[in-house]
Protein chains: 2
Amino acid sequence: MARVSNTVRIREALENAIVNGRFAPGARLDPAKLAEEFECSRTPIRDALQQLEASGLVRVHSKQGTFVSEWNVEELAERFEAMAEIEAICARLAARRITREELAELEARHEACRQLADEERIDDYYAENSAFHACIYHATHNGFIAKEAMRLHAMLQPYRRIQLQVRNRVKRSFDEHQAVVTAIRNGDDAAAAKAMRDHVLVQGDRFHDLLAALRSDAPHGPV
Amino acid sequence: MARVSNTVRIREALENAIVNGRFAPGARLDPAKLAEEFECSRTPIRDALQQLEASGLVRVHSKQGTFVSEWNVEELAERFEAMAEIEAICARLAARRITREELAELEARHEACRQLADEERIDDYYAENSAFHACIYHATHNGFIAKEAMRLHAMLQPYRRIQLQVRNRVKRSFDEHQAVVTAIRNGDDAAAAKAMRDHVLVQGDRFHDLLAALRSDAPHGPV
DNA sequence: TGCTGGTTTGTTGTATACAACAGAATGAGG
DNA sequence: CCTCATTCTGTTGTATACAACAAACCAGCA
């Protein structure tokens with residue numbers, strides 16, 4: 001493989017840092033500091049940040065600074081709705097087009113999720129969960145849709161991360177995956193779409209619950 | 001409104017130029033020439049081109065040049081499929097959420113399309129057609145989905161342009177729109193989704209036909 | 001003639017300096 | 001003490017120069 005340019009190296013590093021929570025939503029990204037950290041000038045940093053802005057991960061306020069994207073409840077709801085619909089499409093196409101090998105891999109990923117859920121290794125489950133979804137994107141046999149799905153997935157990852165720590169969420173998430181896998185194995189595209197849409201939408205709802213709980217921790221109600 | 005930066009001015013100008021066909025798919029975009037044309041240095045040109053690459057309109061081959069995106073039949077089919085699914089989502093959501101005012105505007109646009117179709121003013125129909133679709137995106141009341149739909153729409157515009165010149169296509173396109181409008185007015189989300197998906201998919205198919213015809217235009221059969 | 005090696009040329013990648021701008025801090029005047 | 005104009009500071013936007021690289025080209029040789 002050809003040596004990658006500094007710009008893409010930095011972009012990928014920042015992408016990971018944001019997705020893994022090192023930079024939280026709303027955090028400021030200082031070009032000068034980053035230039036120092038990556039041992040280069042501000043130009044490739046600038047390019048990388050612009051690319052990240054295009055993909056929706058960061059936002060640059062002119063003359064004010066560059067920040068990790070942070071959305072209000074409404075914007076988040078919009079994105080979760082979009083994600084649910086895209087994932088539903090993927091599930092539907094996958095149910096029709098998945099190959100034997102791809103199905104085997106999907107079920108292997110699913111089984112790995114079961115293990116991690118049982119052992120309550122949340123961080124690892126979180127990673128394997130992404131792989132599970134990526135499997136389905138791939139099985140659409142539509143590279144363009146798969147790429148778009150990956151992009152949206154990355155965009156929401158920081159929030160999903162918080163969300164998975166809700167009580168019992170991991171176990172339920174696994175059960176919902178089961179429904180999706182079954183529908184895909186049966187080639188039932190409508191059922192697969194519905195199961196997947198519900199799976200993602202419930203994440204959005206749960207996230208909403210979590211936000212509400214966090215916000216009302218002062219006035220009343222149990223924390 | 002605040003004065004926009006050179007970069008976004010150039011990006012929008014190039015976007016229009018590509019969408020309107022001034023730069024055909026595959027055409028080379030020379031930064032130096034563009035810098036001269038827009039009376040600025042290469043930096044904002046470069047930024048604009050990078051943004052266009054992120055949105056999928058152009059493609060930069062390292063050390064070789066920057067070109068207007070050009071897709072082979074398979075890639076085009078993938079994109080038309082994606083477009084069909086996204087548009088179907090928009091139609092479905094619009095059928096559930098459209099307001100009285102928005103419905104009125106949609107029907108006005110539709111009526112304008114009828115006029116232009118009757119008068120066989122293809123170029124104008126083409127513009128009004130985009131507005132019609134944009135109306136539906138807007139009526140989803142989901143800004144994020146609407147924006148993504150617009151992006152995809154722009155990406156495919158150069159190809160749709162060619163496609164609309166197929167014989168009788170304009171009239172048929174109008175009829176398909178009619179089905180969508182009716183379903184949305186009735187609040188029948190499933191029917192709206194189906195009508196819209198078919199409408200876009202048939203574009204993809206027709207485009208395929210066109211390509212095939214163009215390719216075998218010299219003599220009939222092997223070159 | 002065909003191949004191989006170096007050279008040339010065009011392109012992007014990167015560094016750096018400066019200009020322009022928005023918001024914050026500061027000071028004078030009421 | 002409050003208000004408003006002014007200055008100041010930090011940030012991005014832009015220009016320009018140079019480096020690095022990949023493909024094309026050409027000459028020399030077998």
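A residue is taken to be near a strand if one of its heavy atoms lies within 4 Å of that strand. In this predicted model, 16 residues surround DNA strand C, and those that come nearest are A:Asn6, A:Thr7, A:Ser41, A:Thr43 and B:Arg46. Of the atoms of DNA strand C that come within 4 Å of the protein, 65% belong to sugar and phosphate. Phosphate oxygens of this strand are approached from both chains: one is 2.9 Å from an N or O atom in the side chain of A:Thr7, one is 2.5 Å from a polar backbone atom of A:Ser41, and one is 3.3 Å from an N or O atom in the side chain of B:Thr66. At least two residues of the surface near DNA strand C are supplied by each of α1 (6-19) and α3 (42-55) of chain A and α3 (42-55) and β3 (65-68) of chain B. By class, this surface comprises three nonpolar, seven polar and six charged residues.

Around DNA strand D there are 17 residues, of which A:Arg46, B:Asn6, B:Thr7, B:Ser41 and B:Thr43 are the closest. Sugar and phosphate make up 68% of the atoms of DNA strand D that come within 4 Å of the protein. A phosphate oxygen of this strand lies 2.7 Å from a backbone N or O atom of B:Asn6, and one is 2.6 Å from a polar backbone atom of B:Ser41, while chain A contributes a polar side-chain atom of A:Arg28 at 3.5 Å from a phosphate oxygen. Here α3 and β3 (65-68) of chain A and α1 (6-19) and α3 of chain B each provide at least two residues of the surface, which divides into three nonpolar, eight polar and six charged residues.

Definitions and conventions: Residues are numbered from 1 along each chain as its sequence is written. Chains are lettered from A and ligands numbered from 1 in the order in which they are written. This is a predicted model: local features need pLDDT of at least 70, side-chain atom pairs count only at pLDDT 80 or more; totals for chains, interfaces and linings use all residues. Side-chain values use heavy atoms; hydrogens and water are left out. A polar contact is a pair of N or O atoms within 3.5 Å; within protein, one must be able to donate a hydrogen and the other to accept it, and residues adjacent in sequence count only if both atoms are side-chain atoms. Helices (H or I, at least four residues) and strands (E, at least two) are DSSP runs, numbered from the N terminus. Ala, Val, Leu, Ile, Met, Phe, Trp, Tyr, Cys and Pro count as nonpolar, Asp, Glu, Lys and Arg as charged, and the others, Gly among them, as polar.
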